[in-house]
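Welcome to a short set of exercises, each with a worked solution. Keep the sequence and the 3D view open as you go.

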Amino acid sequence: MCLRTSSILMLSILLPCCSPVWGEVDWAALLDNMDLSRDGTIHWHEVKHSMGFKGLPKDVRKGFKEAFNAADINNDHVLALEEFKAFYARTEMIVQDRDRQLVEQARQRLQERKAAPLEGSVKSEL
Ligand SMILES: [Ca+2]
């Protein structure tokens with residue numbers, strides 16, 4: 001999956017109503033849509049209240065909080081437009097890492113399942 005597609009998927013999770021499927025990402029419009037308080041910045045509670053956030057796994061939500069803090073360059077507890085873009089880039093990485101982990105876990109389980117009958121037969125011969 002290319003970064004661009006992943007970015008759009010991430011936006012779809014948080015903002016399913018307005019994510020642009022094709023064309024350029026209109027960051028200002030996305031920020032504006034998420035900006036419940038209409039102050040031109042994104043607060044953490046606005047991320048938490050965005051559609052899809054509550055459905056994310058706990059570790060991903062925790063990662064998003066860390067990403068929010070990391071993106072908040074000037075430590076004013078809100079994200080301006082450039083910080084908002086950085087936040088999204090970080091959330092993309094979190095989701096991609098998690099996808100990789102899930103694939104790796106599934107692969108390991110499969111290998112363990114394949115190995116299990118062999119171990120069983122070895123034990124029964126002893
Ligand atoms: Ca800030």
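**Exercise 1.** Which residues make up the largest nonpolar core?

*Solution.* Before you start, note that this is a predicted model, in which local features need pLDDT of at least 70 and side-chain atom pairs count only at pLDDT 80 or more, while totals for chains, interfaces and linings use all residues. Residues are numbered from 1 along each chain as its sequence is written.

Step 1: apply the burial rule. A residue is buried if 20 or more other C-beta atoms lie within 10 Å of its own, exposed if 12 or fewer, and partly exposed in between, with C-beta atoms placed from the backbone.

Step 2: link the buried residues. A nonpolar core is a set of buried Ala, Val, Leu, Ile, Met, Phe, Trp, Tyr and Cys residues joined through C-beta atoms within 7 Å. The largest one has twelve residues: L30, L31, I42, V47, F64, A67, F68, A71, L79, F84, F87 and Y88.

Step 3: assign them to elements, where helices (H or I, at least four residues) and strands (E, at least two) are DSSP runs numbered from the N terminus. Two or more core residues come from each of α2 (27-34), α4 (58-71) and α5 (81-125). The top contributor is α4, with four residues.

**Exercise 2.** Describe how α4 places its buried and exposed residues.

*Solution.* Step 1: check the helix length. The 14 residues of α4 reach 20 Å from first C-alpha to last, close to the expected 20 Å; the expected span is 1.5 Å times one less than the number of residues.

Step 2: list the buried positions, which are F64, A67, F68 and A71. Looking down the axis of α4, these buried residues fall within an arc of 105°, so they line one face of the helix. The arc is that of the directions from the helix axis to the C-beta atoms. An α-helix has 3.6 residues a turn, so residues three or four places apart point the same way.

Step 3: turn the helix around. The face away from the buried side carries the exposed residues K58, D59, K62, E66 and A70.

Step 4: follow one buried residue outward. Leaving aside residues up to four places away in sequence, F64 touches V47, T91 and I94; a contact means C-beta atoms, placed from the backbone, within 7 Å.

**Exercise 3.** Is E46 buried, exposed or partly exposed, and what does E46 touch?

*Solution.* Step 1: find E46 in helix α3 (residues 44-48).

Step 2: count its neighbours. E46 has 18 C-beta neighbours inside 10 Å, so this residue counts as partly exposed.

Step 3: look for partners beyond four places in sequence, and you will find M34, D35 and L36. The C-alpha atoms of E46 and M34 are 6.5 Å apart, although twelve residues separate them along the chain.

**Exercise 4.** Examine the backbone at R38 and H77.

*Solution.* Step 1: recall the background. Most residues other than glycine have a negative phi, and most peptide bonds are trans.

Step 2: read the angles. Phi is positive at R38, about 60°, and positive at H77, about 70°.

Step 3: place both residues. R38 sits in the loop between α2 and β1 (42-43), and H77 in the loop between α4 and β2. R38 is exposed, with 7 other C-beta atoms within 10 Å; H77 is exposed too, with 11.

Note on methods
Contact = placed C-beta atoms within 7 Å.
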